[in-house]
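Please open the model in your viewer and keep the sequence panel beside it, since each stop on this tour begins with a selection to make.

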Amino acid sequence: MLGVILALLVTVLVIYMLAKGYKPQPVLLLGGLLLMGLTVAFDIGPLLPEKTTTNFEFFDIFKVFSDLLSSRLAGLGLTLMAIAGFSRYMDHVGASKALFAVFERPLKAVRSPYILLVVSFLVTQVLVIFIPSHAGLGMLLMVTMYPILIRTGVSPLSALAVIGTCQFIDHGPGSGNVIMAAKTAGLDPAVYFVHHQLPVTIPIILAVAVTHFIAQRWWDKREGYVFNQETLDNIDHNDHSRPPLIYALLPVVPLVLIIGFSPIFHSSIKMDVTTAMIISTIVALVFEYFRLKSAKAVMDSFMLFFEGMGKQFVLVVSLIVCGEVFANGLLKVGAVDTLITAAQNAGFGVGAMIIVMSFILALAAFLMGSGNAAFFSFAALTPKIAAFLKVDVVTLILPMQIMTSFGRTVSPITAAIVAIAGIANVSPFQVVKRTAIPMAVAAIVNLVMTFIYLG
């Protein structure tokens with residue numbers, strides 16, 4: 001019971017600091033180190049196995065951090081950094097704009113504002129597989145999709161609601177949360193995405209699309225929205241540049257490699273995500289050479305790949321490691337074991353535990369404004385909980401991973417929400433007011449699909 005009390009006190013401190021706007025990395029790291037320090041101080045248990053201990057318990061606190069950093073940099077961290085490097089280069093060559101241009105003409109052909117809203121939302125769910133960044137895709141859509149929606153009579157807030165939910169699910173084998181969930185469950189990311197995630201997320205996506213149609217039209221009527229020419233005058237028309245349309249193929253290359261050479265198609269060729277990203281970047285360099293006819297310019301631009309990798313380490317890989325330090329603190333202090341025992345005594349089954357864990361993660365993502373911070377903090381705990389419940393890890397982690405991003409999408413401090421609201425000159429609270437109903441429906445459908453999945 002002592003472990004639960006200590007964990008609760010430290011968790012409250014962590015949540016308070018995050019709510020006050022502190023950076024999640026140092027807060028989670030501090031929380032984890034504090035929990036492990038209390039574990040040593042109250043002699044609750046060892047922090048490291050005898051083979052890896054420093055033979056001084058207070059040094060072991062920092063050895064845990066060092067071991068996690070080393071492990072993640074060589075595995076998941078390198079994968080995420082390679083994805084970020086490729087994404088940075090795609091942004092540089094304008095491939096994302098070319099990809100959207102493929103969808104632009106069909107979108108313009110839809111005349112009904114609310115039908116267009118639904119179609120646009122479905123388009124974003126395709127794009128997010130190739131551009132797995134909430135803020136990055138949101139910003140791209142603000143200079144491409146947003147003007148199209150406004151010109152057809154969609155209200156700015158309805159358009160922002162669709163753009164704000166562009167990554168309401170971390171989707172596809174290129175997503176950091178998907179890769180983390182797959183590795184935790186011991187699965188190939190492509191297998192996790194195709195065999196486990198898609199059967200659950202497709203019904204959720206369709207439900208949210210219908211909800212957008214109903215909810216945004218209801219909000220527009222409630223707020224008395226009337227289309228007028230002044231709305232058009234406030235749209236930024238400055239960015240019309242894009243590369244040749246063939247560049248739309250570049251963001252698709254990694255997905256083709258990852259899924260094409262995966263166990264799904266029984267391929268004898270093994271293709272990991274990092275290798276796929278490097279190959280895809282080299283392909284993009286070849287495209288750039290034929291476009292620019294300058295070997296020096298192309299070679300110089302390759303440094304952007306490493307720039308993207310470095311930025312990902314600062315923003316995301318550090319977050320993963322610090323989140324895992326906090327999770328390790330919760331484990332070492334004995335809080336998880338106590339809660340599992342309590343759940344066992346209370347008769348909690350798989351369904352009840354999934355609901356509780358999923359909503360805890362959604363709440364954490366809402367408070368942090370980050371799905372990564374919340375999910376990376378708790379993902380490491382799922383194998384132990386799954387073992388107690390006697391279910392596969394994927395059964396527990398899948399609904400948690402999906403639910404996490406719902407909380408981020410209704411948070412007014414999420415980077416993507418703040419960014420798109422700033423461009424449209426509205427309050428982030430007005431945007432999340434419009435995303436709340438679709439995300440509530442998404443949460444319900446997620447749980448329903450989870451129980452069908454369990455059945």
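In this predicted model, begin with the largest cavity, whose volume is about 120 Å³. A search of the whole structure finds one cavity of 30 Å³ or more. To bring the cavity into view, select I129, F130, G174, P254 and M277, which lie nearest its centre among the 13 residues that line it. Then colour the helices α4 (76–93), α6 (113–130) and α13 (253–260), the elements that each give two or more residues to this lining. If you colour the lining by residue character, eleven of its residues are nonpolar and two are polar, while none is charged. The idea behind such a search is that rolling a probe the size of a water molecule over the atoms shows where empty space is left.

Next, select N177, which is placed in helix α10, spanning residues 176–184. Is N177 buried or exposed? Its relative accessibility is 0%, so N177 counts as buried. Show the side chain of D170 as well, and you will find a polar contact of 3.1 Å between the side chains of N177 and D170. Beyond its neighbours within four places in sequence, N177 is in contact with D170, G371, N372, F375, F376 and Q401.

Keep N372 on display and add L18, a residue of helix α1 (residues 2–19). With a relative accessibility of 7%, L18 counts as buried. The C-alpha atoms of L18 and N372 are 14 Å apart in space, and the two residues are 354 residues apart in sequence.

A further separation to inspect starts from I354, in helix α18 (residues 350–368). I354 has 0% relative accessibility and therefore counts as buried. Draw a distance from its C-alpha atom to that of L396, and the viewer should give 6.1 Å for two residues that are 42 residues apart along the chain.

Now turn to the aromatic rings, of which the model holds eleven pairs. A pair of this kind is described by the distance of the centres and the angle of the planes. Select Y114 and F213, whose ring centres are 6.2 Å apart and whose planes meet at 75°, so that the pair is edge-to-face. This pair links distant parts of the chain, with Y114 in helix α6 and F213 in helix α11 (residues 189–222), 99 residues apart. How does burial compare across the two partners? Y114 counts as buried because its relative accessibility is 17%, whereas F213, at 21%, counts as partly exposed.

Move on to Y247 and F287, where the ring centres are 5.7 Å apart and the planes stand at 85°, so this pair too is edge-to-face. Here again distant parts of the chain are linked, since Y247 lies in the loop between α12 (229–233) and α13 and F287 in helix α14 (residues 273–292), with their positions 40 residues apart in the numbering. Y247 counts as buried at 2% relative accessibility, and F287 counts as partly exposed at 24%. Before leaving the aromatic residues, select F56, F58 and F59, which together form one aromatic cluster.

Just before that cluster in the sequence panel, select N55, whose place is in the loop between α2 (24–41) and α3 (57–74). Its phi is near 70°, which is a positive value in a residue other than glycine. For context, most residues other than glycine have a negative phi. N55 has a relative accessible area of 70% and is therefore exposed.

A second asparagine to select is N425, found in the loop between α22 (415–424) and α23 (428–454). N425 is not a glycine, yet its phi is positive, at about 60°. With 71% relative accessibility, N425 counts as exposed.

For the last stop, return to helix α11 and select H196. This histidine is buried, with a relative accessible area of 16%. Which residues does H196 touch, not counting residues up to four places away in sequence? Display L187, V191, V394, L398 and Y453 around H196 to see these contacts.

Notes:
Residues are numbered from 1 along each chain as its sequence is written. This is a predicted model: local features need pLDDT of at least 70, side-chain atom pairs count only at pLDDT 80 or more; totals for chains, interfaces and linings use all residues. Side-chain values use heavy atoms; hydrogens and water are left out. Helices (H or I, at least four residues) and strands (E, at least two) are DSSP runs, numbered from the N terminus. Buried means under 20% relative accessible area, exposed over 50%, partly exposed in between (1.4 Å probe, protein chains only). A polar contact is a pair of N or O atoms within 3.5 Å; within protein, one must be able to donate a hydrogen and the other to accept it, and residues adjacent in sequence count only if both atoms are side-chain atoms. Contact means heavy atoms within 4.5 Å. On a 1 Å grid over the protein atoms alone, a cavity is a set of points where a 1.4 Å probe fits but cannot get out, and a pocket is an open set with protein on both sides within 12 Å along at least five of seven lines; lining residues have an atom within 4 Å of a point. Grid points are joined across faces, edges and corners, and a volume is the space filled by probe spheres set on the points. Ala, Val, Leu, Ile, Met, Phe, Trp, Tyr, Cys and Pro count as nonpolar, Asp, Glu, Lys and Arg as charged, and the others, Gly among them, as polar. Rings of Phe, Tyr and Trp (its six-membered ring) pair if their centres lie within 6.5 Å; planes under 30 degrees apart count as stacked, over 60 as edge-to-face and the rest as tilted.
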